[in-house]
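Q: Please take a close look at one loop residue of this chain and at what surrounds its side chain. A second loop residue and the overall build of the chain may follow for context.

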Amino acid sequence: MSPATHIIPSKPIDVASWTEDEEFARYPQGARAKTACFPPAEPLPPDYIKPGRRYLFKRSRKAFPEQFWAEIAAYHIGGLLEVEVPPAYPAVNSSSGHCAALIEWFYEDERTRFVMGGDFLQKMLEDFDRKTGNQHNFHYIQVLFRALHQHDAMEPGWRMAWGQTLLFDALCGNTDRHQDNWGVLFDVTNGIVNGRLSPCYDNGTSLGHELWEDHQGRNWNADRWHKYVMDGAHHMKWTVHSPNREGHISCVRRLAEWLPPLHDLMMSRLSAFDMVALRDTLNRLAEIKMMVPLSPWRANLMYRLVELRRDLLLKVLQ
């Protein structure tokens, strides 16, 4: 996905006239309020909005009003890293007064069947706790995807796809890639069943969304920032018997050892990551006028965290 294709609107999209999806109107998954809806035929939405496509109007948690901006920024970071992330745009509902990220549904119902990772893991582990995800681990994911591939139900590049997903999460500091924040997409057109890993969706628990200027902006030194990044971890263990969730930085090192071609890909993507383009993107997002804007402080925080993570990831790959 080329960063050039990424759209930065000059103003938020107003969904007040959009039609709520009868099936997914109040989408049940996750902790944040979100509504599934379709764009109207009239008035015409922006040309980058797909007619007939479902979108999520995904708000922030009440404790973190700017959280929805992490979804939007993550979309642009995915483009710069060449990782597939569903498009996410700043949006409002002028009737309710809510601000949110408007996120494009990442598959078409009539063409694709989507199975969440938790559905697979519950069948693989009889006592799998789907509420906490404490047994969620990369070893079982490998077992699952190898079995799917052996039965011609998974694309051969699944290892590289997982490596890119976990690299993206490490760069963004995403702590919420639990068993229901990934899944397998099966193309069922004309009876063909080709499985592939889903795009990187649900990225709001990232990019320092829980940090506030008044709490730490004046007191954190370089060592404190370094510790914050090094403490970041995936919502996933390396094996089911691992005592803790795998750290963002240590996971990239493990992935490089697990699959040498992945080492080269990750090194190439991180080395080419355009920090200047990221700075420009975040500045432009911060210029969008809405009730809950992206503050300059938070835009700078996002930039700083990505830069620090990128440098640490490159270091462990050298």
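A: Beyond its neighbours within four places in sequence, Gln135 is in contact with Leu125, Asp127, Phe128, Asp129 and Val240. The model is a predicted one. One of these partners, Asp129, also has a polar link to Gln135: the backbone nitrogen of Asp129 lies 2.7 Å from a polar atom of the Gln135 side chain. Gln135 itself sits in the loop that joins helix H2 (117-124) to helix H3 (138-150). With a relative accessible area of 16%, Gln135 falls under the 20% cut-off and therefore counts as buried. Leu282 gives a sense of distance across the chain: Gln135 and Leu282 are separated by 147 residues in sequence, and their C-alpha atoms are 36 Å apart in space.

A second loop residue is Arg177, placed between helix H4 (158-172) and strand E8 (183-187). Arg177 has a relative accessibility of 1%, so it too counts as buried, the limit being under 20%. Two polar contacts of its side chain can be described. In one, the side chain of Arg177 meets the side chain of Asp169 at 2.9 Å. In the other, a polar atom of the Arg177 side chain lies 2.5 Å from the backbone oxygen of Tyr201. Both Asp169 and Tyr201 appear in the list of residues that Arg177 contacts beyond four places in sequence. That list also includes His136, Thr165, Phe168 and Trp182. Further along the sequence, Arg177 touches Cys200, Asp202, Asn203, His235 and Met236.

As for the chain that holds these two loops, it has ten helices and nine strands. Its radius of gyration is 19 Å, close to the 20 Å that the globule rule gives for 318 residues, so the chain is as compact as a globular protein of that length. Along the principal axes, the C-alpha atoms fill a box of roughly 55 × 50 × 35 Å. Buried residues make up 55% of the 318 in the chain. Among contacts with a separation of 6 or more, 70% are between residues 24 or more positions apart.

The accessible surface of the chain is about 15,100 Å², and carbon and sulfur atoms account for 49% of that surface. On the charge side, the chain carries 36 positive and 39 negative side chains, with the centres of the two sets 4 Å apart.

Definitions and conventions. Residues are numbered from 1 along each chain as its sequence is written. This is a predicted model: local features need pLDDT of at least 70, side-chain atom pairs count only at pLDDT 80 or more; totals for chains, interfaces and linings use all residues. Side-chain values use heavy atoms; hydrogens and water are left out. Helices (H or I, at least four residues) and strands (E, at least two) are DSSP runs, numbered from the N terminus. The radius of gyration is taken over C-alpha atoms; the globule rule is 2.2 Å times the number of residues to the power 0.38. Buried means under 20% relative accessible area, exposed over 50%, partly exposed in between (1.4 Å probe, protein chains only). Contact means heavy atoms within 4.5 Å. Accessible areas come from the Shrake-Rupley method with a 1.4 Å probe; for residues, only the protein chains shown count as cover. Lys and Arg count as positive and Asp and Glu as negative; His and the chain ends are not counted. The place of a charge is taken as NZ of Lys, CZ of Arg, CG of Asp or CD of Glu. A polar contact is a pair of N or O atoms within 3.5 Å; within protein, one must be able to donate a hydrogen and the other to accept it, and residues adjacent in sequence count only if both atoms are side-chain atoms.
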